[in-house]
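Colleague: I'm new to reading structures, and I'd love to learn how the descriptive words are chosen. Could we look at one together?

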Amino acid sequence: MTTPTPTRILPPPPCYYATYNSPRAPPNNNSGSYYNIGTCSNLSVVPPSSSKINLALWYKSSCSPPKINILLCCCNHNNHLPPLPLEPNGVDSQDSCTLKQEEEEEEEATAAAREAISEILQEFGASKEDSIDIALRSPKYLAMLLDSVRELDDLSLWDSLTRRTGSQEEESSPLSLKDKVYYMAKEKADKGKIPFLESLGLGLPSATHLARRLSSQTLPNLITKVKYVKEMFFSNSDDGGLIGKKARRMMMYLSIPIDEEVEQTLSFFEKVEARRGGLDMLGSRDATFRYLIESFPRLLLLSLEYHMKPMVNFLESIGVPRGCSRSILIVFPPILFSDIEKDIKPSIQAFKKVGAGIEDFAGMLLNYPWILSRSIQENYEEIRFFFEREKVPKVSVDLAIKSWPLLLGCSVSKLKVMVEQFGELGVRNKKLGRVITRSPQLLLRKPQEVLQVVSFLKDLGHEEETIGSLIGRRPDIFAASIEKTLKKKLDFLATVGVSESHLPRVIRKYPGLFVCAVDRAMLPRMKYLLEIGLSERDVAFMVRRFSPLLGYDIDTVLRPKVEFLVNVMGKPLKNVVEYPRYFSYSLKKKIKPRYWLLKRRKVECSLKDMLGKNDEEFSSEFLDVERMLASPYLEKVADMLCKNDGGCRYVLGLKE
């Protein structure tokens, strides 16, 4: 007989612990979990002075082969020692094999429960594929059923449950775990809706509550509807956070009392914002769909054929591009609850007051979906009356609202503060109308932000009157960031060679430099001028004398005029250094006609003399014709040149 080899001995004496590993059961097998062994000899675990042990208590595990913890005791102990806990000496009370078996049993129970849930879902109309997917993604519902089953097991109440559910099982054939889970799910009477809603990401309490509200809906109908809503809202989950940015902007500029629909939408935004990733995840189905359904459970009560699909089709019919309607729906889901005839179409008619046709309305809706809310539409009337009192032309207000509909969410009290701020700079009435037409977003700025730009321009040497003029000419300067935009342009001008003493004049002559992109526009133009042979000093001189130079496009303005100057007129580049305003004149309507006329008369003159005079002065000096004939004649020549140079040369007697 092979002596079992113990694998662990834990002193101190007189008791020792070991583990018995053998493919055979221990000798003297008694019933129960413990084995009372008589005398065990030839064990190396005994104290050195002993050759055998008279008593051992064996703690049985359910593994195969047996793996048994042994308590080895000295000979003078009696046969009735109780089994001692093994943890204090470092041996687990439940070994790894026991744990593994429990895990396997739990997995078997879970698999059986999933099968039961899948079967009951199929009974209520779900496809086999959908039922398996739902069963896999509803772990809390599954755990709830298993807990209920075990509770009834402990109380031995299955007979009463099977009688109540109409089971015909014989008493001699006990129910399987799967059957018990099945009966328990039947008892819940949710018709498969709770596990389905949990599979969408809802918590079990929310799913249970919502299932009651959806009692009139069948499971197949809900599954079809959810798939359509996901496709409608989240057809492209990777939007780069653009929908979230739109939502933040709408929230930022909202300062009026809101109605219930906007309030629900804000609550929806807050739930998404609390997640990791925040509103940047607003367009993501995995992150958002749960909160969408929790915030707007009525979505699942809407008819797919008679409400949802007609609304999406209507949005496309008024000009919302295909695929863009999801942006509108996510930012303002209550649109789906609107009636097309009673709500949407009257709103379109209402916004015709701002001169917005159907296409304009589609653009406004895409930029600001809240225009369909009652509170926003009521605020529009207040805004209109406010600007009417301020004597701002209605056409300017209408254009501002069409291009920047977020104005409709701004309270009149906030608009009044900004209008007064502009008034202090001399921007009122019609002048204010021109400003808000070009940069309506200025009305939504904070007064201190505009004052910071005013102070910045004053520090550069501009008077308050000049600053008011700059607002009228380039209002977008006052919507720009000082650190990220305005100072960056000053740094670039410094690298070009424009000193601080020249800055006021450069900016006054061409304030557009402040909003012209350095990397995409000014720097490439600077490089082009250097590539054609001008020096950095030449370019700096030209910018100081004529600051709009760096605002001209290379392909449509700079290159054609340089090529005409050098290749046709035969003049050196130093001419444009002396007179950079040359680039401001139309090549087709002024430069070419005057050049060909002077060439015909064999007149040589500078670029300034050729282009710096008006038509009357030019005719009087170079053509010697009466005032009444000067302008019409030049216009006729210009018209011919618009066709081609050859035609003009023929008219002037310059046949090739």
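Modeller: Happily! This is a predicted model. Let's begin where Val417, Met418, Gln421 and Phe422 in H18 meet Pro447, Val450 and Leu451 in H20. The residues of this contact divide into 6 nonpolar, 1 polar and no charged.

Colleague: What makes Gln421 the kind of residue that counts as polar?

Modeller: Gln is neither in the nonpolar list, which holds Val, Met, Phe, Pro and Leu among others, nor among the charged Asp, Glu, Lys and Arg, so it falls with the others, as polar.

Colleague: How do H18 and H20 lie relative to each other, and why is that arrangement called what it is?

Modeller: Helix H18 (residues 412-424) and helix H20 (residues 447-459) pack at an angle of about 20 degrees, and their axes are 10 Å apart. Angles under 35 degrees count as roughly parallel, so H18 is roughly parallel to H20. The crossing of H18 past H20 is right-handed.

Colleague: Why are H8 and H11 called oblique?

Modeller: Helix H8 (residues 219-234) and helix H11 (residues 285-295) pack at about 120 degrees, with axes 11 Å apart. Roughly perpendicular covers 65 to 115 degrees and roughly antiparallel needs over 145, so H8 and H11 are oblique to each other. H8 also passes H11 in a right-handed crossing.

Colleague: Which residues make that contact?

Modeller: From H8 come Val226, Val229, Lys230, Phe233 and Phe234, and from H11 come Arg285, Thr288, Phe289 and Leu292. By class, the contact of H8 with H11 has 6 nonpolar, 1 polar and 2 charged residues.

Colleague: How do you know whether Ser131 is buried or exposed?

Modeller: Buried means under 20% relative accessible area. Ser131 has 0%, so it counts as buried. Ser131 lies in helix H2 (residues 128-136). Leaving out residues up to four places away in sequence, Ser131 touches Ser118, Leu121, Gln122 and Ala126.

Colleague: Why do Cys324 and Cys516 get the labels they have?

Modeller: Cys516 has 11% relative accessibility, so it counts as buried. Cys324 has a relative accessible area of 28%. Partly exposed runs between the 20% and 50% cut-offs, so that is the label for Cys324.

Colleague: And how many disulfides are there?

Modeller: A disulfide is a covalent bond between the sulfur atoms of two cysteines. To count here, a pair of cysteine sulfur atoms must be within 2.5 Å. By this rule the count is 0 disulfides.

Definitions and conventions: Residues numbered from 1 in each chain as written. Predicted model: local features only at pLDDT ≥ 70, side-chain atom pairs only at ≥ 80, totals over all residues. Heavy atoms only, no water. Axes fitted to C-alpha atoms, helices over the stretch in contact; angles between N-to-C directions. Helix = DSSP H or I, 4+ residues; strand = E, 2+ residues; numbered from the N terminus. Left-handed = near helix turned anticlockwise from the far one by under 90°. Contact = heavy atoms within 4.5 Å. Buried < 20%, exposed > 50% of the residue type's maximum accessible area, 1.4 Å probe, protein only.
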